[in-house]
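Here is a short tour of a ligand and the protein around it. Have the viewer open, and let's go through the contacts and then the surroundings.

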Amino acid sequence: MELRKGLEDIAIKETSITYIDGELGRLYYRGYSIFDLASFSNFEEVAYLLWYGKLPTRHELDDFKSRLAEERSISEDISTFVKRTAKFGNPMDILRTTVSMMGLEDRSEGDLIGKAIKMTAKIPTIISLIQRTRRNQEFVEPDPSLSHSENFLYMIRGERPSPSDTRVLDVSLMLHMDHEMNASTMACLVVASTLSDIYSSVVAGISALKGPLHGGANSEALKQFMEIETPDNVEKYVMNKLSSGQRLMGFGHRIYKTMDPRAKILKEYANQLSKNEEIKRLFEIANRVEEIGIKILGKRGIYPNVDFYSGLVFYAMGFDPDLFPTIFASARVIGWTAHVDEYLKDNKLIRPKAIYVGDLGKRYVPIEER
Ligand code: SDX
C-alpha cells in the first residue's frame, strides 16, 4: 500500500464539470474556456452550466434567474443570529453556522440542486448583513429585480452599483465557482459519500475553505500588500519572508505550475479598479510582489494563484478584508454542490487507509504499577 500525503495526484472520481491544465495554465467549465465565459457569460448562466451541464436557452435562463432571486431572503432567526455575532465573530464561522441553520429550517423534500439554489441565493444576503451590522448601517433587503451580482453589491452598498462594478463582481464570482477536486470540494464529497445531507456537505466545505492554505489566502495576500506599504519595500519584504521559511500568500498551487489563469483575469480587474490613491499603491505593490516572487519561485513552478489579486478586487469593491473567504464560498457553493450531485450518481463511501507504524501486542499495566 502506498502513502500519498495530501492525496497528491490521486483521482477520487471522474468528472465532466471542470478541467484544469496545470502546465499550460488553462481552466474549463463543462468544456468552455474560462476566458470565453469571463468575456461573454454571466453568473447565473455559468451557475446553470455547472449544475445542469449545458448553457441555458433564454427561457431556461429567465426561469432560473427568478428561482434564484426568489430565494434571497433569510429567516428572522438567521438575521437575529447574524446581528448578534457580526461585530465579533469570524465571518466564515458565522457563514458556516448560518448554513447549518438553513439546513435545520429547510423541511422541503426538494432536490439537491433546489437546496443548492437556496444556499447560493441566501449567502450574499448573510455576507451583506455581516458587513452592514459591523458598520452600524441598516440592513438592505434583497431586490428580486436585480441580477445576482448587482443585488449583492446593492445590499453591501445600499445603492445600485454601476454596470462596470456589477460586471467585475459577476466575473470574479464566476472565476471562483469551481476548481475540480480542491480541498473544500473533497471535504464536501467525504460528507456526501456517507449519504448525509447537502447542507452538512456545504458546512464541511466552508470549514475547509476557511484555512489560509486555501480560501483564506485572499485576505492574507492583501494583508501582505498592506504590510509592505510602498513598492520600494517589496524586495526586502519578500526576501525576509521567504528566507525565514514563510510562504508568499497568493502564490503556489497543487495543480498550476504556471500563472493561474484566474489570476490573469483578476489582475486586469484590479488594474481597472485602481482609481483611488490607496488601491493604486496596493496594485503597484502587488505587481512588484508578483514580479519578484516569480523571479525567485517561478523556476520551481510557484506562481500567483487565484487568491493573489482577488483580495485587491474585493477590497476595491468595498468588502471588508475578512469577508473575502465568504465571497469565495458564495461562488464555490455552486462547484461544491455540482460535484456532490455528480458523485452521488455513482456513490462510493470515501474511506482511505493509514499505514500503521506504532507498537503492537503491548501488555496492559495497571495504574498502580505505572
Ligand atoms: C486556493 O486546490 C485548489 O484548486 C485551490 C484553489 C481553488 O480554486 O479551490 O485554487 C484555491 O486555495 C489557491 C491556493 C491559496 N493558498 C495560498 O496562496 C497559500 C500559499 N500557498 C501554499 O501554501 C501552497 O502553494 C499550496 C498550499 C497552495 C499548495 O501546496 P502543495 O501543493 O501542498 O505544495 P507544498 O506545500 O508541499 O509546497 C511544495 C514546496 C515547499 O517547499 P519544500 O518544503 O519542498 O522546500 O513549495 C514551497 C513549499 O515551501 N511553496 C512555497 C509556496 N507554496 C509552496 N514557498 C513559498 N511561498 C509559497 N506560496
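## Polar contacts to the ligand

In this predicted model, the side chain of Arg254 places an N or O atom 2.7 Å from an oxygen atom of the ligand. Two histidines make similar pairings: a side-chain N or O atom of His179 is 2.6 Å from a ligand oxygen, and for His214 the corresponding distance to a ligand oxygen is 2.9 Å. How much of the ligand does the protein bury? On its own the ligand exposes 1000 Å², and the protein buries 72% of that.

## Where it sits

If you are setting up a view of the site, look to the largest pocket, where the ligand sits. Helix 15 (306–316) and helix 16 (324–343) are the elements that each contribute two or more residues to the shell around the ligand.

The ligand lies between two domains, because domain 1 (15–202 + 323–344) and domain 2 (217–316) both give residues to the shell.

## Who is in the shell

How many residues surround the ligand? There are 23, and the closest are His179, Arg247, His253, Arg254 and Arg262. His179 and Arg254, from that closest set, also appear in the polar pairings described above.

Sorted by class, the shell holds 10 nonpolar residues, seven polar ones and six charged ones.

How values were computed:
Residues numbered from 1 in each chain as written. Predicted model: local features only at pLDDT ≥ 70, side-chain atom pairs only at ≥ 80, totals over all residues. Heavy atoms only, no water. Near = heavy atom within 4 Å. Polar contact = N/O pair within 3.5 Å; in protein donor to acceptor, adjacent residues only side chain to side chain. Areas by Shrake-Rupley, 256 points an atom, 1.4 Å probe, with all protein chains shown as cover. 1 Å grid on protein atoms, 1.4 Å probe; cavity = no way out; pocket = protein on both sides within 12 Å on 5 of 7 lines; lining within 4 Å. Sits in = over half its atoms within 2 Å of the grid points. Helix = DSSP H or I, 4+ residues; strand = E, 2+ residues; numbered from the N terminus. Nonpolar A, V, L, I, M, F, W, Y, C, P; charged D, E, K, R; others polar. Domains from an automatic or database assignment.
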